[in-house]
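Here is a quick walk through how the helices and the sheet in this model sit against each other. Have the structure open as you read.

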Amino acid sequence: MSQIAQHWLQLINDARAQSRYCGEMFCEIAPPLLWNERLALAAEEHCRDMAENNFFDHIGGDGWPVGERATRNGYVWSRVAENISFGHLPVEEVIVGWLGSPGHCGNIMALEYTDMGMACVCDDKAPASNYWTLVLARPLSSS
């Protein structure tokens with residue numbers, strides 16, 4: 001795992017280590033996630049798609065959602081979610097933004113997820129410059 005990936009994983013796990021409100025929903029402390037390279041590849045695929053095709057959405061340019069991207073990259077999941085962001089921001093600000101959004105915060109704090117992968121694609125030719133994707137999942141074999 002790269003140092004960047006280790007840093008991103010630590011930031012997300014630091015967030016999960018604190019109980020918080022995600023909107024009106026109280027979320028207990030959540031166990032740490034594990035880095036999963038297949039989910040990171042799914043995240044990178046989506047970032048690249050958004051940057052190269054000038055869109056910002058959870059549905060890819062091919063019409064498929066995050067679950068299909070995770071599956072295509074070899075992750076067999078029982079639960080999966082995705083947070084996206086854009087703009088030339090440091091990762092810490094991206095995560096603060098997600099934690100300030102009830103749905104994104106709920107994804108980060110969800111006890112059901114055990115694995116994560118994250119990516120950022122920087123493209124100075126793209127309107128938003130940086131595209132961020134966090135994929136959270138639980139493998140099918142986990143109970």
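In this predicted model, helix α1 (residues 3-16) lies across strands β3, β5 and β6. Its direction makes an angle of about 125° with β5 (115-122).

So what is α1 lying on? The sheet is open and has four strands, ordered β3-β5-β6-β4, with mixed pairing. β3 (34-35) and β4 (77-86) are the edge strands, each pairing on one side only. On the β4 side, the pairing with β6 (residues 130-139) is antiparallel and runs over nine bridges. If you want a spot to look at, S85 has W132 in β6 as its bridge partner.

Now turn to α4 (residues 91-99). Which residues of α4 are buried? They are V91, V94, I95, W98 and L99. Looking down the axis of α4, these fall within an arc of 135°, so they line one face of the helix. That fits a general rule: an α-helix has 3.6 residues a turn, so residues three or four places apart point the same way. The cover over the buried residues of α4 includes α1, β1 (20-22), β4, α5 (102-109), β5 and β6.

How do α1 and α4 meet? Their axes are 11 Å apart, at an angle of about 30°. With the cut-off for roughly parallel set at angles under 35 degrees, the two helices therefore count as roughly parallel to each other. The crossing is right-handed, and these residues make the contact:

| Helix | Contact residues |
|---|---|
| α1 | H7, W8, L11, I12, A15 |
| α4 | V91, E92, I95, L99 |

How values were computed: Residues numbered from 1 in each chain as written. Predicted model: local features only at pLDDT ≥ 70, side-chain atom pairs only at ≥ 80, totals over all residues. Heavy atoms only, no water. Pairing = 2+ DSSP bridges. Contact = heavy atoms within 4.5 Å. Axes fitted to C-alpha atoms, helices over the stretch in contact; angles between N-to-C directions. Buried < 20%, exposed > 50% of the residue type's maximum accessible area, 1.4 Å probe, protein only. Arc of directions from axis to C-beta. Parallel < 35°, antiparallel > 145°, perpendicular 65-115°, else oblique. Left-handed = near helix turned anticlockwise from the far one by under 90°.
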